[in-house]
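The following exercises concern a predicted model. Please work through each task before reading its solution.

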Amino acid sequence: MKMAYPRIGCKDVDAAVKAACVQLLQHQGADGAWTDCFDTGMMPNAQTVISLYLIGYRDVTWTAPLVGAIRKHQREDGSWGLFPGDAGDLSTTVECFYALELMKAWALDDAPRVRAKAWIARHGGVRRCRNLTKMFLAVGGEIPWSWLPSPWLYTLMFMKGSPFSIEDIATFTRVHVPAMLVLSLYRYRSRYAACILRELVNCDEREWDDERPSPMRTKLASWCAERCLEFLRTHMGQDGTLAGYHSSTWLSLFALHALGIDFDAPIIRCAIASMRQNLVVEEHSGYVHQQTTNAHIWNTALACRVLLDAGIPESHPQLQKAKSYLLAKQQVERRTGRPDGGWGFSSNNENHPDCDDTVACLDALRGFMQSSSTPINKGVSFLLSMQNRDGGWSAFEHNCDKRWLERLPANDMHRAMCDPSTADITGRVVAFLLRRRVLNSTDSSIKRAISWLQANQLRDGSWYGRWGTTYLYGTWCAVQALVAANLPASSPSLMRALRWLLSVQRADGSFGELCESDMLGRYSSAFTGQPTQTAWGLDTLLHLYDCTADTAVKSAIYRSASMAVDWLLDHRTADGWFDTCPNGSAFPGALYITYHIYPKVWPTSALLHFQRSIEGKNFREGG
C-alpha cells in the first residue's frame, strides 16, 4: 500500500510514523470503527461475574475467562489494586474475592484465598467498602441493607420544589441513582443469593432485620419507584443498557426485577447480550477484560484524525469507512432533554452526548467536510450550547456545579456528583474552535474560556486534568488552547507552564505521572516514562516552541523536545508503544482507565508535530 507523507526530515521519525499508521489501519474493524480496549481494571470483571450469577445467567464461556483474569491479577499480599504500584484497593479486593467464591474458583485452604481474606480483615473489612460495592453485596444477600445510606433523603430528587433534582447530578452517576434507589427502598435480595461471605461480615444480628416501613413510607416508596421506572425506560438504549455503562445497567436489571419484571424478559436478555459484546479476549496474548463500556466512537475519532494528519488521503477506503461510522453515530434527535448534534463515547450510547467526544469527532470530520456541512454545524451548535456560565466546559453537563452534592451521604467517591468546568475539556474545545477557525480569539465565548483557563492555572504552572493522567494531561490541553488564542510564549501563563513542564521531565527525556496525583492534589512522578504521557509532554513543548521568538527559550525547548523524541523512538517495539500504567481517570481513588489506543495515536501525533515544527533538523545530539 503506497502512502504519501510530508517530508519529515529524519528517517527514524518517518519510519516510526509510517509503521504506526500501517498498524492503525490493520486494526480497524469491518464497520469502520477502532475497537481497542477500554480497560478499567478488575472491578468490571468481578461485577460481571457477580451479576451474572445473581441474575441466574450461567455462561461459562463468559465467566471462565473473567475468573482466570481475576486470579491472574491477584497480588502476592492477597489484594487486587487499581493500578500498578498502589497499595491495593479494599472494594476491588472484596468484589474479586466474592466473584471467586461464587464461582467456587478456589478451595477454602488455598493460599491465595487465605491471603485475600487476611488482607481484607487487615484493611477494615467489608463494612469499609465503597457504597457501589456494598450495593452488589446487599443484592447478593451478603450484607444487610442497613449498611448503606438511607434512601429516603434521595426521594427528594423526584419531588417538585426540592433543593436538588436528579438532573443536578452528573450523567455518569445519574444513570446509577434510580436503580440504587429502587433497590434500597425495597431492600431487594436476588433469588439466587448465595450468602457465602458471612465469615467476612461481622455485624449484630439485629442489623439483618428488615425495616418495616410505615404505610406512608410504603406509599412514598411506591411513588418514587414509579418515577425511577419512568427514568429507566426513558434513558435506556434500545439494547437495554444505560449509557452503555455496565455497572448502571446491572443495577438497573436488578431494579427492574424488584419491580416485577422477570429476568427472562426481552429487555433484560437484550441488555445481557449487549454487555456480552464488550468482553475482550485476545487469544494470542491471553489478555481478558470485561469493558465497563466500549470506546469505539472515541477511538475512531482519534485514529481517523492522526491518519489524516499523517497524510493518508481522505479518499482512502478505510478512512471513508471511518467517516461513515462517525456520521452514523451523531445524536441528531433530542431524546432526553439534552441538546442534539453531539456524539457519545461508546457505540451503543444513544442518549448521552458529551463535549469531549463531540470535539474529537468534529476534529476528525473536518478533515473530510466543509465547515458549513450540516453535521459540522449541528456539532458546533451542541458545543457552544454547552459552555458553562463560568466560561469553561464540562464533559457531560451544562452548569452542573452544585458542589455541595458531593457531601451527600451516599457519595463516597471523589468528583462523582458534579461535572464542573475542567481545564482538559475547556482546552480541547477552545483549541478546536480556534484551530478549525470556527471562532476567532476575539469572540466573547473564547475570551471567557481563556480567562477561565488563566484563572484556574495552579500555582506551580500546571493545570489539573479531570479525564487523563493528570497534571500532564490538563497542562497539555490548556497550553494548546492558549497558544491557539495567540498568547505569546512570554505571557506569564505560558512561561509558568513551560517552567513546570521542564521541571517534571525525566532525565531520560520521558514524562510519566502516577495515577495517585489526582488524590494527592499534586504531580507525582511515575517510576518510568510512559509513551502516552511522553507524547503529551512533547506535544506541549512543541506548542510552546511554535509560539516563541526568543532564541534562548526556543533552544531550551528544542533540547527537551529532542530528548522526548529520542525516548519515544528508543522505546518503540516492533508492535508499537505500550503504556504500563493507566492513562485516564474515571473516579479518583476508585477507578482508572487504560485506553489501549492511546499509545497508538498520541506518540504518532506528537512525532508528526515535531516534524512540522522542526522540519529538517537533526535531533540526535551531535547529529
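**Exercise 1.** Determine how the reach of helix α23 (residues 598–613) relates to the span expected at 1.5 Å a residue, and state whether its residues are mostly buried or exposed.

*Solution.* Step 1: helix α23 contains 16 residues. Step 2: from its first C-alpha to its last, α23 reaches 22 Å, which is close to the expected 22 Å. Step 3: buried means under 20% relative accessible area. In α23, 14 of the 16 residues are buried, so the helix is largely enclosed by the rest of the structure.

**Exercise 2.** Establish the strand order of the open sheet of 3 strands and identify its edge strands.

*Solution.* Step 1: the order is β1-β5-β4, and the pairing is antiparallel. Step 2: β1 (38–39) and β4 (584–587) each pair on one side only, which makes them the edge strands. Step 3: β4 pairs with β5 (residues 591–595) in the antiparallel sense over 3 bridges. Gly584 stands opposite Ile593 in β5.

**Exercise 3.** Find how many disulfides the whole structure holds, and explain why Cys361 does not bond to Cys304.

*Solution.* Step 1: a search of the whole structure returns 0 disulfides. Step 2: the cut-off for a disulfide is a pair of cysteine sulfur atoms within 2.5 Å. Step 3: the closest cysteine sulfur to that of Cys361 belongs to Cys304 and lies 9.3 Å away, too far for a bond. Step 4: as to surroundings, Cys361 is buried, with a relative accessible area of 0%, whereas Cys270 counts as partly exposed at 31% relative accessibility.

Notes
Residues are numbered from 1 along each chain as its sequence is written. This is a predicted model: local features need pLDDT of at least 70, side-chain atom pairs count only at pLDDT 80 or more; totals for chains, interfaces and linings use all residues. Side-chain values use heavy atoms; hydrogens and water are left out. Buried means under 20% relative accessible area, exposed over 50%, partly exposed in between (1.4 Å probe, protein chains only). Helices (H or I, at least four residues) and strands (E, at least two) are DSSP runs, numbered from the N terminus. The expected span of a helix is 1.5 Å times one less than its number of residues. Two strands pair if DSSP finds at least two bridges between them.
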